[in-house]
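This briefing sets out the domain arrangement, the nonpolar cores, the ligand surroundings and selected helices of one protein chain. Topics are grouped under short headings.

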Amino acid sequence: MKVLLISANTLTAPYPVYPLGLDHVAHALAPAHDVRIADLNVTGNGAALAEEIRYFDPDLIGLGLRNVDNTDMSAPEGFVDRYGDLARSIRKVADAPLVLGGCGFTLFPREMMAALDADYGILGEGERLRALADALEAGADPSGLPGVVAGRGRATIPDPLPDPVQRRFDPAFPHVGFYLNRSGMLNLQSKRGCPFRCIYCTYPHIEGRRMRRIPPEAAAETAVRLQEAGARYLFVTDSAFNADADHSAAVARAFKKAGLSIPWAAFFAPMTPPAGYYREMADAGMTHAEFGTEALSDRMLARYGKPFRTADVLAAHRAAVDAGLYVAHYFLLGGPGEDGASLSETLDLVDNIDRAVLFFFCGMRIYPNTALYGIALEEKQISADQSLLAPVFYRSEHIDGREIVRRVKEKADGRRDWVIGAGGDEVADAVSKMYERGFSGPLWEHLIR
Ligand code: B12
Ligand code: SF4
């Protein structure tokens, strides 16, 4: 059957992100099904998309919903209304069943099915769309297939797929050029799953807790293919690249051995690294390390369920900076137990973090299927029948969110390398101008003084 996969994400902050998930879904569908990808960053949501749909005349339409909102309490922006409009405009030109998927959908399946009035949804890994397409083609009833939500029915997230993941990347796909011309940045996974249990984090729900590793040589082969297609920078999108330090080091070595010569980046948990770890990363071409640090108070790190403490953060930071990497730390303030004293601990110790960009998210969004959800329920901050689609942020009973922002801003004292939230339009505009001038990559290093 003909399947059109549509990427609905047009968010440009901090930069437009290549719709990697669709490559994986496309691989699972082809060659049994005839697959095309339409990316709203290229077609927009108007006439060009309608023309694409009419021309291809799909039997099934898969709509990829990556972002629900920007999770930024300082400048909140939601996308679901826009997705609803998009679904309605698709319906006007196509009779094909509409299937929703993507991590945004997995977080809020019931709400998204209702808001977009969709026929089906795929929870978790979109490779399971293949079974749905096969069933529909065979005229079989797809309800009950693992991970398939049918109409207003319910489904549970299935066990993660066992095999290392594969993707269908074709440089001839029209949307590839958009990302190459703009940021020059493409992306890849080296594994799925995160084994840690940070209380607020959705990643283990989306990807599963069990790590499924792609053989380093296969990850390197993909990386080189992306480079040959014209990528000038790669982002490894693993939830925490160093959750398996040995595997990540093997991936880095494989990149080098395969001849990868463009710079790349990844997310890291700031755990004390094995000796020489970040030097090996830098030696393999990694230029940027993004740390999910969240706080510099041991009490808060314990409360957040983080697999590291402040001494580990400082060790990881030093090792990364000494290896010559650009470093960013993400902070997440205002969670359970945060008070004036813990905030002071974080803001005092932050003086030890030099030569880095610090992103401060001042407010912890509550997501279903997290430990934070249970805490907020118990504290009666939310009720069991409440939808969290419109962001609800946890409120510490000991300190007000506005006070946190005030103290962070006071401490920042106008420093360019302290960014509140994702930086909003200001950072996105600056980044966009730099792409126009030919720069590549995430570019936050230009904020480091
Ligand atoms: C890496 C990452 C980033 C990197 C991306 C770098 C890059 N160049 O690729 C950076 C740091 C830039 C980033 C930024 C942001 N991110 Co981010 N990011 C992630 C992360 C960790 C991985 C995403 C990824 O690539 N996964 C790998 C691919 C293969 O998986 P996937 O896209 O989920 O696709 C699979 C399934 O979802 C499904 N699927 C996907 N599409 C479709 C389509 C159909 C039809 C079907 C059936 C299935 C399907 O099948 C795929 C294969 O199994 C996720 C968390 C996570 N672990 O999922 C957050 C996440 C996606 N980010 C999120 C957010 C909010 C953001 C920002 C808005 C944050 C901000 N304020 O700046 C920005 C938005 C950027 C943008 N322009 O869209 C949220 C989105 C949910 C939400 N709350 O809205 C997530 C889920 C994290 C969270 N808070 O829960 N992000
Ligand atoms: S280490 Fe990172 S990805 Fe894993 S659970 Fe904690 S915050 Fe989430």
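In this predicted model, the centres of domain 1 and domain 2, taken over C-alpha atoms, are separated by 27 Å. The domain assignment places domain 1 at residues 2-150 and domain 2 at residues 183-447. Residues from both domains enter the largest nonpolar core, so this core lies between them. The shell around ligand 1 also draws on the two domains, with at least three residues from each.

**Domain contact**

- The contact between the domains involves 24 residues of domain 1 and 29 residues of domain 2.
- On the side of domain 1 that touches domain 2, helix H5 (residues 103-107) provides the largest share, namely three residues.
- By class, that side of domain 1 comprises 14 nonpolar, seven polar and three charged residues.

**Nonpolar cores**

- The largest nonpolar core has 93 residues, of which Leu234, Phe268, Leu358 and Phe360 touch the most other members.
- Strand E14 (residues 356-362) contributes the most to this core, giving seven residues.
- Domain 1 (2-150) and domain 2 (183-447) both supply residues to the core, which is why it lies between them.
- Another core lies apart from this one and has 42 residues, among them Val25, Leu86, Leu100 and Ala133.
- Beyond its neighbours within four places in sequence, Phe268 is in contact with Ala240, Phe241, Asn242, Ala289, Glu290, Phe291 and Ala316.

**Surroundings of ligand 1**

- Ligand 1 is surrounded by 44 residues, and the closest are Gly21, Gly62, Gly64, Gly101 and Gly126.
- At least two residues of this shell come from each of helix H1 (20-29), strand E3 (60-64), strand E4 (98-101), H5, strand E7 (185-188) and helix H9 (203-207).
- H1 makes the largest contribution to the shell around ligand 1, with five residues.
- The composition of the shell around ligand 1 is 21 nonpolar, 17 polar and six charged residues.

**Gly62**

- Gly62, one of the residues closest to ligand 1, belongs to strand E3.
- Gly62 counts as buried because it has 30 C-beta neighbours inside 10 Å.
- Although Gly62 and Leu98 are 36 residues apart along the chain, 6.0 Å separate their C-alpha atoms.
- When residues up to four places away in sequence are not counted, Gly62 touches Val3, Leu5, Ile6, Val25, Val99, Gly101 and Leu129.

**Surroundings of ligand 2**

- Cys194, Phe196, Cys198, Cys201, Tyr203, Pro204, Ser239, Ala240, Ala269 and Gly292 are the residues around ligand 2.
- Eight residues of the shell around ligand 2 are nonpolar and two are polar, with no charged residue.
- Ala240, one of the residues around ligand 2, is also among the contacts of Phe268.

**Helix H6 (residues 109-116)**

- The buried residues of H6 are Pro109, Met112, Met113 and Leu116.
- Seen down the axis, these buried residues fall within an arc of 100°, so they line one face of H6.
- Helix H4 (80-93), E4, H5, strand E5 (120-122) and strand E6 (148-150) pack against the buried residues of H6.
- Asp117, just after H6, takes a positive phi of about 45°.

**Helix H15 (residues 340-349)**

- In H15, Ser342, Leu343, Thr346 and Leu347 are buried.
- The buried residues of H15 lie within an arc of 130° when seen down the axis, so they line one face of the helix.
- Exposed residues Gly340, Ala341 and Asp348 are carried on the face of H15 turned away from its buried side.
- The cover over the buried residues of H15 includes helix H13 (298-303), strand E13 (326-333) and helix H17 (401-412).

**Helix H16 (residues 371-378)**

- Leu372, Tyr373 and Ala376 are the buried residues of H16.
- These residues cover an arc of only 105° around the axis, which puts them on the same side of H16.
- Gly374 and Glu378 are exposed and sit on the face of H16 turned away from its buried side.
- Lys380, just after H16, takes a positive phi of about 60°.

Terms used: Residues are numbered from 1 along each chain as its sequence is written. Chains are lettered from A and ligands numbered from 1 in the order in which they are written. This is a predicted model: local features need pLDDT of at least 70, side-chain atom pairs count only at pLDDT 80 or more; totals for chains, interfaces and linings use all residues. A nonpolar core is a set of buried Ala, Val, Leu, Ile, Met, Phe, Trp, Tyr and Cys residues joined through C-beta atoms within 7 Å. A residue is buried if 20 or more other C-beta atoms lie within 10 Å of its own, exposed if 12 or fewer, and partly exposed in between; C-beta atoms are placed from the backbone. Helices (H or I, at least four residues) and strands (E, at least two) are DSSP runs, numbered from the N terminus. Domain bounds come from an automatic or database domain assignment. Two residues are in contact if their C-beta atoms, placed from the backbone, lie within 7 Å. Ala, Val, Leu, Ile, Met, Phe, Trp, Tyr, Cys and Pro count as nonpolar, Asp, Glu, Lys and Arg as charged, and the others, Gly among them, as polar. A residue is near a molecule or strand if its C-beta atom, placed from the backbone, lies within 6 Å of it. The arc is that of the directions from the helix axis to the C-beta atoms.
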